[in-house]
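Here are some exercises to work through with the structure open beside you. Try each task before reading its solution, and keep a viewer at hand.

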Amino acid sequence: MTEQVFTNCTNAGPVSVYVRDGKVVRIRPLVAEEKDLKPWTIEAGEHKFTAPKKFAVAPYVHAERRRIHSDERIKYPMKRVDFNPEGERNPQNRGKSGYVRISWEEALDLVAGELKRVKESYGGSAISGLTSSHHNWGIVGYKHGSFMRFMNLLDFTPVLDNPDSWEGWHWGATHTYGFYWRLGMPEPYDMLQDALKNAEMIVLWSNDPDSTRGTYTGQESALWREWLKKKGVKTVFIDPFYNFTAAVMGGKWIAPRIGTDTCLAMAIAYVWITEGRYDREYIENRTIGFDEFKKYILGEIDGQPKTPEWAEEESGVKARVIRALAREWAEKRTILSGGARGGEGGACRQAYATEWARMMVLLQAMQGLGKPGRSIWGTTMGAPSDTDYFFPAYADPQGKISSATKAANFIPVNKNRQRLYRLTLPDAILDPPLSWHGAGFCGGSLEQQFEYFEYPAEGCSEIKLFYRYGGSFIGTMLDTSKWVKMYQSPKLEFVVNQDVWFNSETRMADVILPACSNFERDDLAEWGACGGYTGHASSGSNYRVIVRQQKCIEPLWESKSDYQIFALLAERLGLKDEFTDGGKSELDWCRAFFELSDLPKLVDWETFNRKGYHVINIKEGYKPTPGLRWFAEGRACDTPDPSNPKRNTEKGHELGTYSGKIEFVSESLKKHFPEDWERPISPRYIPSWEGHHSDLFKKYPLQLLSPHPRFSFHTHYDKHTDWLNDIPVHRIKKDGYHWWPARINPRDAEVRGINNGDIVRLYNDRGGVLCVAVVTGWVRPGIIHSYGSSAKYDPLIPGKPDSMDRGGCVNLLTSSRLLSRHAPGMTPNSCLIEIEKWEE
Amino acid sequence: MIKIARYTIFIDVNKCTGCYNCFLACRDEFYDNDYPPYSEGHPLKDHYWMQIKQIERGEYPKPKLDYIPLPCMHCQEAPCIEMAKEGAVYRREDGIVIIDPVKARGQRQIVNSCPYRVIFWNEEKQLPQKCTLCAHMLDQGEKEPKCVEACPTGALVFGDLDDPDSEVSRLVAETKSEVLYPEFGTEPLIKYAGIPRYFIAGEVVFKDNQGECAAGVKVSLAGNGVSMETRSDIYGDFEFEGLGKKTRYILTVEHEGYQPRQLELFTHKSINVGEVMLDPV
């Protein structure tokens, strides 16, 4: 049979898919016609930087064929052998017992029957479900699409996501500079151009963009950082780990002890204040509360001046280095790069990390945030990009078939007010009642952070049925043996898992349903665009690329598309018309989304559907509007940020804080939690509850640093994509097993008798994980670096929650304690452990 | 039609981020896929026609990390051609060295002929196999091999060394281009820039003023018949790159008002001398 070529899109780039005899045989970054690409050029001094005429996808995308045809695919519907819905359900055996293949008929009847029984017995609130992010790409068949549309029809209890990668920015920085509608990230518009033209230095603080990339935009920004190098922009990396961006860009590496970044930032402020090296005019006109902040920095409030010597004592970074950095930062036009999207970074995922994130904003405010070359920018977004043509992303209201979109005639409305919170889900199931403040992603207002939740909510049921969809959290959430305990609770009468691949949580289910990947069904999406609270995220790519994700092959084995699975369940529940909007196919939805977007102004459906993509180039005479320049210059907002509620109003020149200015003393915190010493109205350094001052430090003297991974995405691609096992940064083969690396400084290794390549046990009171030791000077002494994202949970005793794991799920060791009392973020980087050579 | 050319990949190690795109794209292209007459599919495991050699240098807190992408060198004096029987390995008009998958069957000695160790033995097919520079793609009119297409930073550039207008010719002319292991004497067509060598680094500290970095201090290094000089940067850090292996060097640190310091160093590897403390006069 001849080769056919299709188009599709992944979470890290658009692709051309070559198919022979019903199999994907090779994949290339989207092969676009040359005439479709009109590259932009940025002139900076004597340099001209022009976008390349190709697409740079993430490494794992090149191995996608192995994931599609993976041995780890769920091939058939299955039922746990000792699960009998009419008799003994044996929930205690979840994670331990095996499975038997069943027919789709039996599986669908069983799942639909349980949904019906639970809804009728306890109400819709007794049904909950949870999705992971980005195991697939495409707006029809994804979590806010099919899954949520179906679940909303049942009035289910949603589980609120926590802002997992940017906690401190969300719960902290928003109270300093607003941008709650971006969940604490700054607007990225035209930041690349600003950096290339104006920046003299860039401080990457807890940021490894070469590994985390623009989240969904593959490796497009790798070339931008090469350009910054070529331009001679100086680089400083502040990270306990000599990260991969540092390795390629060079510059100064400063390695603080975990949990002390806030001290370092305060000492920099101290140098600026005492030496008069800050932008007084900006402080005067664009900020409030500086005098109060200054008093704290100078020690007038607590008697401790935040000197470089004080910071050295805490952080281990020499006072002289802090001074030199502070002075050069003030002298040179310096970008602060506090995470891949401006904010983010491991420093914001630890105890009291609100304080660090707020300090990042305040430091840059002292240097005139928004002035040329003085931005907060992660290096991964903000290419010249057209924002006039609208195309819905999965988190845009118009992109959700589950809620408001015009693409649907019928919109299900979930009448249930009960909510769960992902970080405390196991506690809620195992040990209710439970309460917390904060509506997860608080993108609607600052007040959402102060909203009070109780579980079970009044008049609602505890959860009896749990529907797990796509991916796994045992690698990525915290103290995750709790998840195993949750699954084994008799309170969960029924657990279903619907996924493409076997993940760590799959074998915790009573019934397993095989879904197909986005290469086996019809969908559409824009590359890199998540929409919602990250408007215009596609500016992380050199071009906007809208992809008709064509069905390349038939669903493999007995898998079905998520949309089809939910449609079949809806049919059994008498909700087929409601779910399918009167009988829409997936292709019908694609067409409806196309019609509501601006694409019809540029291309007709037949061409788009056949050709498979459309590139939106910038227009002639493109006028850059750099992020926050308007604010620095006291003008009304001129960026195209669609979610900025003050834009195009009389308050257009204001930020999203209560005062409209940058707040050294937060008005929103003052109003809602004025007495909260764990997130005070003005930032403080608060030592970690699990850090070098803790009693636990005597028993467990090493700090675990578990960032986002370099060669996989969340838990996706790991375990299901065997070629990645041959990349030694990702996994290392020893005795026939692919172990997860744990990196240790030679000094710490030597005193423990650990050699490079040894199997080691990482442990504390919460659990134990076996890894392979990589002895390297890339980590500061006292730190163990191991990525927090293993997809492989491989307990030595299956089904035993506190069993040691050899898959590399280091989050079995992390604490589930939240950022602070009223800031419910996750804290994986506040984790003390010990490590020893493992000999069986 | 095959062009008369000398095709190369110009590999700039300074631009390589170690992302493994080339490594994975290559496997995607060749695993289980036949491209007659140039290659048969390679097996699932243990074939890496494009390898990444990770080079770690230095010590905490001054480590360095580089990567050397390593495809077939497409040598102009190729030992594999010499070692093959019945012309099983040949050079195309464009310089690409091809192992004929029919004629080479059973010829294990071809694997061992390569000093770069970039030929792999396919046990099942009894076949020596390696990088073809994606000759099948070039024949179909594609601009570049799959690995180059996948490279995000321009660390890999494909082109014709005999075409004076090509980007690779410009790069070879403008940079200090070199070949990997020239001592093998095989005249590779694959060119490199920035192959990492040894370095010596350290930090100057004024003993009487340790709260301030010792910036602008003269640091010189002599050895191997050459002498180099630099100034410490704003952090008091200094570095000498591109040093020879197993060489004796004298490092001298001197600053007005301080007693000079001299260190004798031997580069059995890259060295971080740590803090060099200067005593006041």
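## Warm-up: the fold of chain B

Among contacts in chain B between residues at least 6 apart in sequence, 56% join residues at least 24 apart. Please keep in mind throughout that this is a predicted model.

**Exercise 1.** Describe the overall build of chain B: what is its secondary structure, and how does its radius of gyration stand against that of a compact globule?

*Solution.* Start by counting elements: chain B has six helices and 16 strands. Next, take the radius of gyration, which is 24 Å, where a compact globule of 281 residues would come near 19 Å. Then look at the box around the C-alpha atoms, which is roughly 75 × 40 × 35 Å along the principal axes. Finally, check burial: 45% of the 281 residues of chain B count as buried.

## A hairpin in chain B

**Exercise 2.** Find strand 12 of chain B and decide: does it lie largely in the open or is it enclosed?

*Solution.* Begin with burial. A residue counts as buried if 20 or more other C-beta atoms lie within 10 Å of its own. Strand 12 covers residues 226-231, and the number of its six residues that are buried is zero, so the strand lies largely in the open. Now look for its partner: strand 11 (residues 218-223) of chain B runs antiparallel to strand 12, and six bridges join the two. As one pair to click on, Ser220(B) has Glu229(B) as its bridge partner in strand 12. To finish, inspect the turn: two residues lie between the strands of this hairpin, and Asn224(B) takes a positive phi near 60 degrees there.

## An enclosed helix in chain A

**Exercise 3.** How many residues of helix 3 of chain A are buried, and which elements do they pack against?

*Solution.* Step one is the count: eleven of the eleven residues of helix 3 (residues 143-153) are buried, so the helix is largely enclosed by the rest of the structure. Charged and polar residues take part too; among the buried ones are Lys143(A), His144(A), Arg149(A) and Asn152(A). Step two is the surroundings: the buried residues pack against strand 8 (127-131), strand 18 (465-469), helix 17 (562-572) and helix 18 (576-580) of chain A. Step three is the end of the helix, where Asp155(A), just after helix 3, takes a positive phi of about 60 degrees.

**Exercise 4.** Where is Ser125(A) found, and is it buried or exposed?

*Solution.* First place it: Ser125(A) is in the loop between helix 2 (104-122) and strand 8 of chain A. Then count neighbours: 27 other C-beta atoms lie within 10 Å of Ser125(A), so it is buried. Leaving aside neighbours within four places in sequence, its contacts include Asp155(A), Thr157(A), Asn416(A) and Cys460(A). Asp155(A) is the residue with positive phi from the previous exercise.

**Exercise 5.** Which residues form the covered face of strand 9 of chain A?

*Solution.* A reminder helps here: in a regular strand the side chains alternate between the two faces of the sheet. In strand 9 (residues 157-160), Thr157(A) and Val159(A) make up the covered face, while Pro158(A) and Leu160(A) make up the uncovered one. Strand 9 runs parallel to strand 8 of chain A, with two bridges joining them. Gly129(A) stands opposite Pro158(A) in this pairing.

## Where parts meet

**Exercise 6.** How many residues of chain B are in contact with chain A, and which element of chain B gives the most?

*Solution.* The count is 31 residues of chain B in contact with 36 residues of chain A. Helix 1 (21-30), strand 2 (51-59), strand 3 (62-70) and helix 5 (146-150) of chain B each supply at least two residues of the chain B side. Helix 1 gives the most, with six residues. By class, the chain B side divides into 13 nonpolar, ten polar and eight charged residues.

**Exercise 7.** What separates the centres of domain 2 and domain 3 of chain A, and how many residues does each give to their contact?

*Solution.* Locate the domains: domain 2 is 167-383 + 624-672 and domain 3 is 696-837. Their centres are 29 Å apart, taken over C-alpha atoms. The contact takes 22 residues from domain 2 and 20 residues from domain 3. On the domain 2 side, helix 4 of chain A has the largest share, four residues.

How values were computed
Residues numbered from 1 in each chain as written. Chains lettered and ligands numbered in written order. Predicted model: local features only at pLDDT ≥ 70, side-chain atom pairs only at ≥ 80, totals over all residues. Rg over C-alpha atoms; globule rule 2.2 N^0.38 Å. Buried ≥ 20, exposed ≤ 12 C-beta atoms within 10 Å, placed from the backbone. Contact = placed C-beta atoms within 7 Å. Pairing = 2+ DSSP bridges. Domains from an automatic or database assignment.
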